[in-house]
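Dear colleague,

I am handing over the structure we spoke about, and I would be glad if you read it alongside the notes below.

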Amino acid sequence: MDKKILNQKLKALAEKHGTPILVMDLEIIRDNYKRLVENVKNSKIYYAVKANSHIEILKLLRDLGSYFDVASRPEIEKLLSIGVEPERMSFGNTIKKSSDIAFAYEKGIKMFAVDSEMEIEKIAKNAPNSNIYVRISTNGMEDDADWPLTKKFGTSVDHAISLVKYAHSLGLNPIGVSFHVGSQNYNPENWRVAIREVSVVFEEARRMGIEMKMVNTGGGMPVKYSKNIPTVEEISAVINEAIADYIGEDVTVILEPGRSMVGNAGVMITSVILRSQKGEEKWIYTDAGVFHGLTETIQNIRYEVEVIDKEDEEKEKFVLAGPTCDSVDVMYYDINLPKTTTMDDLIVLYNTGAYTTEYGTNFNGIPSPKIIFESSIFVKQELFEEV
Ligand code: PLP
């Protein structure tokens with residue numbers, strides 16, 4: 001889509017609703033869902049609610065038949081409130097409160113992720129006889145992902161095997177293995193490496209008489225920010241091949257997309273509220289920053305940014321910062337913006353549907369961006385990816 005045409009539509013919405021806003025298009029999410037489920041064989045999509053838990057998104061995915069990866073009791077409650085059955089939820093956080101486990105169990109959730117003995121003990125006590133899956137770590141993939149998840153989550157293959165045995169001894173039912181290659185991962189081969197490691201756990205479990213039937217490939221599929229990305233089709237092909245080569249076709253493949261389900265369905269619009277010169281540096285301050293949805297900018301996420309009505313202007317380096325009285329509230333120290341960018345200009349950040357409003361705080365009393373739904377504003381995913 002011509003960026004300028006889209007930007008004019010966004011400008012009209014900003015004038016109508018004020019800023020900051022996150023404009024989202026449910027049609028894109030519908031496309032993303034279909035594209036993924038059609039490409040990975042024997043797959044079930046468990047949408048990672050944490051990426052964007054807006055009720056309209058959850059309702060759409062409920063109606064499309066999606067399952068859900070939940071991280072906490074409030075996420076479970078939100079899904080229950082719109083009639084999602086507990087059988088369609090997996091408690092995928094490996095760090096759960098005992099009381100949340102008990103709540104989930106009481107509601108009928110039967111699937112829990114683990115990567116430690118103590119978590120297994122908590123589940124055995126609060127959710128007896130439940131299904132568990134063990135998360136393995138994905139060390140060595142840090143450089144391929146903008147948002148690595150290697151250290152905090154998962155465990156070695158050897159430890160995973162002993163966890164399967166331990167869970168079984170406590171009366172739980174080990175049904176499979178999960179991993180996450182890191183969010184916004186650019187290298188499809190990482191999925192192959194992880195699935196090969198899963199197969200080792202499967203093999204050892206089989207020796208213990210435990211037949212596992214589920215491979216949970218987590219999230220990690222990327223969204224188009226500023227770098228080129230592999231397509232869903234390319235990553236799916238690697239997953240299909242690796243499952244066939246190392247595990248066999250007789251398993252369910254669970255996919256837990258967060259970023260790739262909603263990221264390209266949203267565009268954030270902020271207003272410039274101040275421009276200032278500090279020595280050599282030109283600073284632009286906007287009405288949403290690190291504490292109001294642009295949190296992922298503090299690691300490696302580089303959003304594509306434009307200033308409406310100044311798309312063709314020559315650009316130069318700026319510092320882009322948020323509105324709060326906190327020095328951490330700086331999105332980018334080296335971003336190219338039109339030379340004349342100034343107060344009241346509208347700054348658009350593309351592909352910001354995931355992990356933005358979910359991180360939004362009320363810090364400094366400043367509200368986070370509202371979500372506005374606009375049907376078919378982005379028209380077609382392939383076109384929008386070119387933005
Ligand atoms: N599954 C689990 C257990 C996660 O923790 C996450 C993200 O943190 C996801 C899935 C979603 O990952 P992504 O947004 O990269 O698709």
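What follows goes from the whole chain to one helix, then to a strand residue and a few points of backbone geometry.

Please keep in mind throughout that this is a predicted model. The protein contains 11 helices and 18 strands. Its radius of gyration is 22 Å, close to the 21 Å that the globule rule gives for 387 residues, so the protein is as compact as a globular protein of that length. Taken along the principal axes, the C-alpha atoms fill a box of roughly 70 × 40 × 40 Å, and 46% of the 387 residues count as buried. Of the contacts with a separation of 6 or more, 74% are between residues that stand 24 or more positions apart.

As to annotation, UniProt, in an unreviewed entry, places the feature "domain: Orn/DAP/Arg decarboxylase 2 N-terminal" at residues 29-262. In the model, the end C-alpha atoms of residues 29-262 lie 6 Å apart, and the span is 44% helix and 18% strand.

The helix I looked at in detail is α7, which covers residues 157-169 and has 13 residues. From its first C-alpha to its last, α7 reaches 19 Å, close to the 18 Å expected at 1.5 Å a residue. Which residues of α7 are buried? They are Ala-160, Ile-161, Leu-163, Val-164 and Ala-167, and because these residues cover an arc of only 160° around the axis, they lie on the same side of α7. Asp-158 and Ser-169, on the other side of α7, are exposed. The buried residues of the helix pack against three strands and two helices, namely β5 (111-114), β6 (131-135) and β8 (173-178), together with α6 (117-126) and α8 (189-207). After α7 comes Gly-171, whose phi is positive, near 90°.

A second place to examine is Val-319, which is found in strand β15 (residues 315-321). Val-319 counts as partly exposed because it has 18 C-beta neighbours inside 10 Å, whereas 20 or more would be needed for a residue to be buried. Leaving aside neighbours within four places in sequence, Val-319 is in contact with Glu-281, Trp-283, Val-330 and Tyr-333. For one of these contacts, Trp-283, the separation from Val-319 is 36 residues in sequence, while the C-alpha atoms of the two are 4.8 Å apart in space.

There remain some details of the backbone, for which it helps to recall that most residues other than glycine have a negative phi, and that most peptide bonds are trans. Thr-19 and Pro-20 are joined by a cis peptide bond, with omega about 0°, and Pro-20 has its place in the loop between α1 (3-17) and β1 (21-24). Asn-42, a residue other than glycine, has a positive phi, near 50°; Asn-42 sits in the loop between α2 (26-39) and β2 (43-48), and it is partly exposed, with 13 other C-beta atoms within 10 Å. Ser-376 is likewise not a glycine and has a positive phi of about 55°. The loop in which Ser-376 is found runs between β18 (370-373) and α11 (381-385), and with 10 C-beta neighbours inside 10 Å, Ser-376 counts as exposed.

With kind regards

Definitions and conventions
Residues numbered from 1 in each chain as written. Predicted model: local features only at pLDDT ≥ 70, side-chain atom pairs only at ≥ 80, totals over all residues. UniProt positions renumbered as here; feature names shortened; annotations may be inferred. Helix = DSSP H or I, 4+ residues; strand = E, 2+ residues; numbered from the N terminus. Rg over C-alpha atoms; globule rule 2.2 N^0.38 Å. Buried ≥ 20, exposed ≤ 12 C-beta atoms within 10 Å, placed from the backbone. Contact = placed C-beta atoms within 7 Å. Expected span 1.5 Å × (residues − 1). Arc of directions from axis to C-beta.
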